[in-house]
Every structure is written in C-alpha cells, then in structure tokens.
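I opened this notebook to record what I looked up in one structure. The entries follow the order in which I consulted it.

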Amino acid sequence: MKLHTVDFLMILLFLAVIVSIGLIARKQAQRSKGDYLLGGNTIPWYMLGLSNASGMFDISGTMWLVAITFVYGLKSIWIPWLWPVFNQVFLMVFLSQWLRRSNVTTGAEWIKTRFGTGEGARLSNFIVIVFALISCLGFLAYGFVGLGKFLMLFIPWEFVAQYIPFHISEAYVPHFYGIIFTVFATFYAILGGMKSIVWADVFQYLIMTISAIVIAIIAMRALSSETLNVPEGWHSPFFGWKLNLDWSQIIANVNAKIESDGYSLFSVFFMMMLFKGVLVSAAGPAPNYDMQKILSTKSPAEAAKMSGFVSVALLPVRYFMIIGFVVLALLYYDRLNLMVGDRIDFEQILPAAMIEFVPAGLLGLMLVGLLAAFMSTFAGTLNAAQAYLVNDIYLKKYPNTPKNKLTRVNYITGITVVIVSTILGLYIPDVNRILQWIVSGLWGGYIASNVLKWYWWRFNGHGYFWGMVGGLVPAMIFPLIFKNTLDLYYFPLLLLLSVTGCVLGTYLTPATDKHVLMNFYKQTRPWGFWEPIIRNVRLENAFFKPNKSFKLDMLNVVLGTIGQTAIVALPIYLVLKNYLGMGISAAIVIVVGIIMKKLWWDKLD
C-alpha cells in the first residue's frame with residue numbers, strides 16, 4: 001500500500017464533510033428551481049469565484065499541465081491558451097455582464113431573449129441543449145478517466161481485488177476507482193444543488209491551497225542542493241519558429257512526446273492557438289459550470305468581478321503545485337515509475353511524484369486536495385447538465401410540475417447523466433485525447449454561431465442552428481478522418497463550414513422580429529453591428545445611449561491577458577528561484593492591476 005492510516009483518515013474525514021454539506025444545503029435547494037440550479041442568486045461573487053476556481057482546478061487538467069510543464073518548461077505557459085485560459089479576461093471585461101443582464105437560468109433559455117419564440121429560436125434552443133449535454137458528458141468522462149489513472153498508483157489493485165467478488169481486467173481498474181469517488185461527488189451535487197456545490201468548492205479550494213504551498217516548499221528545498229538538468233531554452237518563455245528543445249542527451253523519450261504532441265513548429269501552433277482562442281473567448285462562455293456560476297451571481301457587476309477573481313484565485317495556487325511537482329520529477333526522474341504497459345506515460349508524473357516525495361500525512365492532505373479538485377469539477381459540470389435537462393427539456397413539457405416531484409426529477413436526471421458519462425469514459429484511452437477533442441474539435445464547432453449572436457443584429461435563429469450543425473457534425477467526424485492530425489490544425493476547416501452554415505441559414509430565412517432585437521439590445525447592451533436596431537430604439541427613446549465601449553474593452557482585454565500570463569509565470573519563477581523573472585512578473589501584475597482598477601473596476605455598472 002502506498003497510503004498510511006493517517007492518509008486514509010484524512011480522506012474519510014473529507015468525504016464526511018462534503019456529504020454533510022450536501023445534507024445541510026438540501027433544504028434550501030428544495031425551495032424552487034432557482035434555489036436548486038442558481039443558489040437563489042444570493043451567493044456572494046467572491047465565493048462563486050472561489051468555487052469556479054476550484055472547479056477549474058481539476059485533477060485531469062493538473063496531470064496534463066504537470067506533464068507539459070515538465071516537457072516544455074516556461075514555454076508551457078502558452079499551451080493552456082488551447083482552452084483558452086484567457087477567456088476569463090473576456091468574461092471579466094464585458095461578456096459576463098452581458099450574459100447576466102438576461103436574468104435567465106441556462107444558455108438555452110437565453111436563446112429566447114435573442115431570437116424570440118419562432119421556429120429559428122426553437123431550433124437554436126434544441127442545438128444548444130445538444131451541445132451542452134455533449135460538452136458536459138465529455139468533461140465528466142474526461143475527469144472520470146483522469147481520477148482513475150491517478151488513484152490506481154496510490155491504491156494498488158492487488159490490495160483491493162481480494163475484497164471484490166468479481167473480476168475486473170487491468171484496463172478498467174482506473175474506471176472502477178473513478179466510479180467509487182464519483183458516487184460521493186454525485187451525492188452532494190444532486191442533493192444540495194448550486195449552494196451545496198459552492199460551499200463544498202470553497203472548502204476544497206482551501207485544501208488545495210495548503211497542498212500547493214506544501215509541495216512548492218518541498219521543491220524549493222530540494223532545489224537548494226540540486227540543479228535542474230534540462231535542455232537549453234527550457235527556462236525561457238520565449239520561442240522562435242521552431243520549439244528547439246532537445247532532450248536527446250537527457251531523457252530521450254521526451255523528444256518522442258514533443259513529436260507526438262505536434263508542437264514542434266511552435267510559432268504556427270501558437271498563431272493557430274491565439275486565432276482560435278480569441279474567437280472562442282469572443283463567443284462567451286460555453287454552456288457548462290462556468291456559465292451557471294455567472295448566471296448565479298447577484299448582478300452584472302458581480303458577474304464581472306467573479307470572472308476576474310477566478311484567475312487571481314486559481315492560477316498562482318495551481319502553478320505552485322504544478323512547478324513543485326515538475327521540479328521534483330526533473331531532479332529525481334530515475335526514481336519515478338512512469339511506465340504504463342510498454343510505454344512512458346508523462347501524465348503519470350503527478351501521482352508518481354506524490355508517491356515518491358510526499359511524506360505520510362501530507363500525502364493524505366494532498367490526495368484529499370486533488371480528490372476535491374475532481375469532485376468540484378464533476379459537481380459543477382453535473383449541475384450544468386441537470387440545468388439543461390430539467391429546465392430546458394422537462395419543464396418545457398411539464399411546466400406545472402409540483403415542487404416535490406421536481407426534486408425527484410432533479411435527482412433522476414443527475415444520476416442518469418453520471419451513468420452515461422461513466423459508460424462514455426470506458427471508451428477513452430487517455431486524458432489528452434479527449435482534452436484535445438473538447439477544446440479544438442467540439443468548441444471549434446461552437447465558435448461561429450456564438451460569436452455572431454452577440455455582435456451582428458441580422459443573425460437569426462436559423463443561422464445559429466445551421467452554424468452549430470455545420471460545426472458540430474464535422475467535429476464528431478474529423479477525428480475519425482484526420483487520425484494523425486492535431487485537432488487544432490483542422491480548426492480553420494471547421495470554422496469555414498460553420499460560418500457557411502451561419503450565413504446561408506441567416507440570409508435564406510427572415511430576420512428576427514425587430515421588437516425582440518430591440519428588447520435584447522436594450523437589456524444586454526452589446527457593442528458590434530447593431531446600428532439598425534439602435535435607430536429603432538432611439539425612435540422610442542431619443543436619449544438612449546448605445547454601448548460605445550469597444551475600444552476600452554479591447555484595451556482592457558489586452559491588459560488583462562498580459563496580467564494573467566504574468567500571474568502564471570510568477571509562481572514558476574519563484575519556485576525555480578529566478579528572482580529577476582519573478583520581480584518582472586510581479587511588476588507587470590501590479591502595473592496592470594493599477595491601470596485596470598481605473599479603466600475597468602471603477603467603471604462597472
């Protein structure tokens with residue numbers, strides 16, 4: 001056994017606490033649909049921000065980030081732009097406010113405010129629900145697989161198998177472990193709804209913060225007497241046309257990892273990543289737990305503050321943990337067991353380093369922290385899936401469902417989503433495969449329709465539907481066709497097909513009713529190509545002031561992205577004891593913070 005008695009006691013205490021949170025929050029969650037799905041819009045923005053940060057501190061993503069930081073060093077700070085991580089800056093500056101002004105419960109319900117109630121709106125509502133459910137199931141399966149791979153190193157199957165009355169093949173051991181802890185996450189998420197999730201997330205965030213600081217200190221102490229053996233360029237975030245990291249004289253297998261990732265032409269990869277990232281960010285939040293947290297805030301201003309706080313709460317803590325494990329793994333690579341079958345799996349660096357370097361007691365605390373990260377992500381995503389199934393499907397058909405029956409429906413839908421995602425997880429070979437498909441394939445098909453819905457008045461429900469179909473169908477097919485191609489590289493083709501669907505669907509059908517568009521513009525107040533609608537609004541109210549903040553918002557986006565990147569680099573430089581880099585990063589964060597206090601925070605409506 002890799003764990004000691006004290007480690008098991010910590011895990012059991014953690015599970016008892018989150019189950020208790022679910023039981024305590026259950027009473028309020030049963031009051032109404034809004035209380036269950038959005039916490040009654042009474043939760044403070046900073047708690048929602050901590051909750052959102054906790055939800056993004058997922059175990060699978062952390063394993064992936066440790067692996068890429070090990071391989072690419074400081075250049076790895078750019079690779080999370082695949083998500084893209086700077087979408088939180090777009091949300092913070094303007095999109096969270098636009099979304100929150102709608103006063104809806106889900107993204108599918110939002111469609112009615114933009115496209116009305118005609119055939120186009122119904123089609124759009126349907127395709128958003130389909131996308132949301134596919135996305136949520138993908139993320140649940142992604143977290144589920146990562147958790148299982150993580151736990152199997154700590155609790156050897158030989159120990160557990162003697163207590164299991166049936167046979168499980170080695171390939172499905174990670175899935176068995178994933179199912180066990182999924183049950184606990186499902187319990188408190190389904191029982192207590194959004195408020196239960198937020199309180200559990202805050203508790204889990206505190207655990208993860210302590211864990212991250214502990215591992216960073218252990219790494220810094222180790223680095224005091226040792227020197228990292230890494231290739232030239234590993235310590236620099238800057239890059240040329242090619243990556244030019246040669247591991248052949250240090251750990252030859254790392255070069256094979258770089259080749260399989262497809263990042264060797266790093267400038268091409270970076271430009272594609274930035275191009276896609278800006279479009280994804282401009283599209284607004286995908287219909288997942290991030291959107292539900294925004295809709296749960298008290299006001300548009302608090303929605304903006306919450307989105308901004310996520311980066312501040314998440315990134316330093318997460319990267320203290322990441323760089324801590326990377327340093328230990330580099331110093332003592334020969335002591336790590338990274339073999340899975342007949343190949344080296346770099347995603348195993350995180351759990352292997354924990355086993356090797358973290359002492360009993362602290363190991364239990366860190367394991368609890370990462371289990372908490374999984375449960376936070378899982379619970380938030382499950383809540384989002386429930387919101388779409390219950391609010392946008394069941395209640396549309398049975399709007400007068402009694403409160404006690406609605407509670408049962410919430411429970412049944414939650415359990416069903418968990419079962420389906422578990423079955424899906426059985427067919428996923430590794431974390432990176434589904435991660436690449438979600439961020440480059442699935443979200444690539446989502447972009448065009450969801451960018452145009454904010455910024456172009458003529459775009460209608462039919463255009464939205466066919467744009468989504470034109471993106472999502474190829475996103476499901478292309479991985480089967482381009483088997484040896486990085487998903488990011490066929491993104492332009494996905495975008496072209498999706499834009500074609502948007503334009504044809506829009507111009508081959510009538511425009512949305514002008515009164516729907518006028519109400520949407522007055523309530524949401526976006527900038528973009530809205531001049532015909534603004535003229536109609538001014539006929540009703542000559543004193544109406546349209547949104548003219550495009551240039552200011554774009555300036556804040558650039559500043560925010562620079563500041564966010566510096567926040568990522570700062571803990572890395574600190575643990576590596578590069579005090580010049582740390583000082584420059586800290587100075588950038590301070591200067592950007594002062595400027596944005598005046599240009600953004602003080603101007604929040």
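The entries below go from the whole chain to single helices, residues and rings.

**Entry 1. The chain as a whole.** I note at the outset that this is a predicted model. I looked up the secondary structure and found 23 helices and 2 strands in the protein chain. I then asked what share of the 605 residues is buried. The share is 62%. I also looked up the contacts between residues at least 6 apart in sequence, and 82% of these join residues at least 24 apart.

**Entry 2. Helices α5 and α11.** I turned to the packing of helix α5, residues 87-100, with helix α11, residues 266-282. Their axes are 9 Å apart, and the angle between the helices is about 35°. I recorded the crossing of α5 and α11 as right-handed. Which residues make the contact? On the α5 side I listed Asn87, Phe90 and Leu95, and on the α11 side Val278, Ser281 and Ala282. Sorted by class, the contact holds 4 nonpolar and 2 polar residues, with no charged residues.

**Entry 3. Serine 96.** I stayed with helix α5, where serine 96 is placed. Is serine 96 buried or exposed? Its relative accessibility is 0%, and buried means under 20%, so serine 96 counts as buried. Setting aside neighbours within four places in sequence, I found serine 96 in contact with Leu91, Ile294, Ala303, Ala304 and Ser307.

**Entry 4. Threonine 524.** I next looked up threonine 524, which is in helix α20, residues 514-524. Threonine 524 has a relative accessible area of 2% and is buried. Apart from neighbours within four places in sequence, the contacts of threonine 524 are Trp98, Arg101 and Trp454.

**Entry 5. Aromatic pairs.** How many aromatic pairs does the structure hold? I recorded 38 aromatic pairs, and examined two of them in detail.

One is tyrosine 332 with phenylalanine 357: the ring centres are 5.3 Å apart and the planes stand at 45°, so I entered the pair as tilted. Tyrosine 332 lies in the loop between α13 and β1, whereas phenylalanine 357 is in helix α14, so the pair ties together parts that are 25 residues apart in sequence. Both tyrosine 332 and phenylalanine 357 are buried.

The other is tyrosine 455 with tryptophan 527, a stacked pair with 5.1 Å centre to centre and 25° between the planes. This pair links distant parts of the chain, 72 residues apart, with tyrosine 455 in helix α17 and tryptophan 527 in the loop between α20 and α21. I checked the accessibility of each: tyrosine 455 is buried at 11% relative accessibility, and tryptophan 527 is buried with a relative accessible area of 9%.

**Entry 6. Charges over rings.** I returned to tyrosine 332 and found the charged end of arginine 335 over its ring, 4.8 Å from the centre. I also noted lysine 453 over the face of tryptophan 110, at 4.6 Å from the ring centre.

**Entry 7. Tyrosine 172.** My last search concerned tyrosine 172, found in the loop between α8 and α9. Why is tyrosine 172 classed as partly exposed? The class of partly exposed runs between 20% and 50%, and tyrosine 172 has a relative accessible area of 40%, so it belongs there. I closed with a distance: tyrosine 172 and glycine 148 are 24 residues apart in sequence, while their C-alpha atoms are 9.0 Å apart in space.

Notes. Residues numbered from 1 in each chain as written. Predicted model: local features only at pLDDT ≥ 70, side-chain atom pairs only at ≥ 80, totals over all residues. Heavy atoms only, no water. Axes fitted to C-alpha atoms, helices over the stretch in contact; angles between N-to-C directions. Helix = DSSP H or I, 4+ residues; strand = E, 2+ residues; numbered from the N terminus. Left-handed = near helix turned anticlockwise from the far one by under 90°. Contact = heavy atoms within 4.5 Å. Nonpolar A, V, L, I, M, F, W, Y, C, P; charged D, E, K, R; others polar. Buried < 20%, exposed > 50% of the residue type's maximum accessible area, 1.4 Å probe, protein only. Phe/Tyr/Trp six-rings, centres within 6.5 Å; stacked < 30°, edge-to-face > 60°. Lys NZ or Arg CZ within 6 Å of the ring centre and 35° of its normal.
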